[in-house]
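Hi,

Here is the structure I said I would pass on. Have a look at it first, and my notes follow below.

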Amino acid sequence: MDGPVRYESGDGIAVITLERPGKLNAIDQAAATALEEAWRRFDEGPDSVAVLTGAAGAFTAGVDVTDPPRDSGWAPNLGVTTTKPIVLAVDGWCIGAGMILLQQADLCVATASSRFRYPEARLGLSRGMATGLAAKIPHKIAMEILLLGRVTTAEELYRAGLVNAIAEEGAALATAKEWAAEIAAADQDVVRYLKEGVLATLPRGPGEAAEQARWRAARLPGNQRLLAGNLTPADLKGNR
C-alpha cells in the first residue's frame, strides 16, 4: 500500500505504519482512507494480529485540521469492526486522534519519552469520541485528560492502565512485534472469541456509538448513490 499508510504482512502479523513525517503523521482525508483500507485488509486477510505505529519519531499529531477526515473510519471499531487484536507501538507524540486510536487498541507499548495529549477542550473542537475513555480508565483520570488537555507522560498512562509497557528508547515497535508474535502463535479461535467477548462487555461512549452508526449508514449503497447525486425517485423501493 503506497501513500500515507504502509501495510506489511508476515508471520501472521500486519504492521501498519502512518507515514506523513512532514506533518508528524497527522491524519488527513487521504491517510484516513488508507487507514480504513488497512483495517479492512487486516480484518478480511490472513494476518492474526496488527501492530500500529508511526514513522519518523512520532505516532501521530492527530487530525490534520487543514484537510480533516470526513468520518472516523480511520479508527478500528469506529469504522471497520475487527475481533483480531491490535497492538499500538508509540514513540513520540500521540495527540488527539492518536488518543482515539489508543482507546480502540487492545494493547499499547510506548517509549518513556512518548507524550500524550487530548487538546480538544482547549481547541474548541470535538466529535465526542474521547468520552469513551472514562470506560477504560478511572473516571477522575479520564476527566483530567479530557478537560485539562495537558501533556501526559507514558509513565502516567502506564499507572492509569492505558499503556501496558514502557520500552527502551527506540524499542517500542520491536517489543510490540514480540507481543504480536506471541498472540499470533496462540489459538486464533480462542483469541478472537476472547476479544469479541471483551468488545461486548466494554461500554462505549455515545460519541463512539454515533460515529460507527454514521460510518455504517454512509456505506449503504442507496445512501452512497443519494450523496453522489445518482439516486432518482424511480430507484426507491417504495415506488416499485
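**Rings and pockets**

The charged end of K84 sits over the ring of F42, 5.2 Å from the ring's centre. Before you read on, keep in mind that this is a predicted model.

F42 has another partner too. I searched the whole structure for aromatic pairs and got one: W39 with F42, edge-to-face, with 6.5 Å from centre to centre and 70 degrees between the planes. Both residues belong to helix α1 (residues 29-44), where they are three residues apart, or about one turn of the helix. Are they buried or exposed? W39 has 1% relative accessibility, so it counts as buried, the cut-off being under 20%. F42 is at 0%, so F42 counts as buried as well.

Now for the pockets. The largest one has a volume of about 660 Å³. It is lined by 25 residues, and A105, D106, V198, L199 and L202 are the closest to its centre. Elements giving two or more residues to this lining are α2 (97-104), β6 (107-111), α7 (188-201) and α8 (206-218). The largest share comes from α7, with five residues. By type, the lining splits into 13 nonpolar, seven polar and five charged residues.

The second largest pocket holds about 440 Å³ of space. Of its 21 lining residues, V63, V65, E120, L125 and R127 are the closest to the centre. Here the elements that supply two or more residues are α2 and α3 (120-123), so to speak of α2 is to speak of both pockets' linings. This second lining has 14 nonpolar, four polar and three charged residues.

Cheers

How values were computed: Residues numbered from 1 in each chain as written. Predicted model: local features only at pLDDT ≥ 70, side-chain atom pairs only at ≥ 80, totals over all residues. Heavy atoms only, no water. 1 Å grid on protein atoms, 1.4 Å probe; cavity = no way out; pocket = protein on both sides within 12 Å on 5 of 7 lines; lining within 4 Å. Points joined across faces, edges and corners; volume = space filled by probe spheres on them. Helix = DSSP H or I, 4+ residues; strand = E, 2+ residues; numbered from the N terminus. Nonpolar A, V, L, I, M, F, W, Y, C, P; charged D, E, K, R; others polar. Phe/Tyr/Trp six-rings, centres within 6.5 Å; stacked < 30°, edge-to-face > 60°. Buried < 20%, exposed > 50% of the residue type's maximum accessible area, 1.4 Å probe, protein only. Lys NZ or Arg CZ within 6 Å of the ring centre and 35° of its normal.
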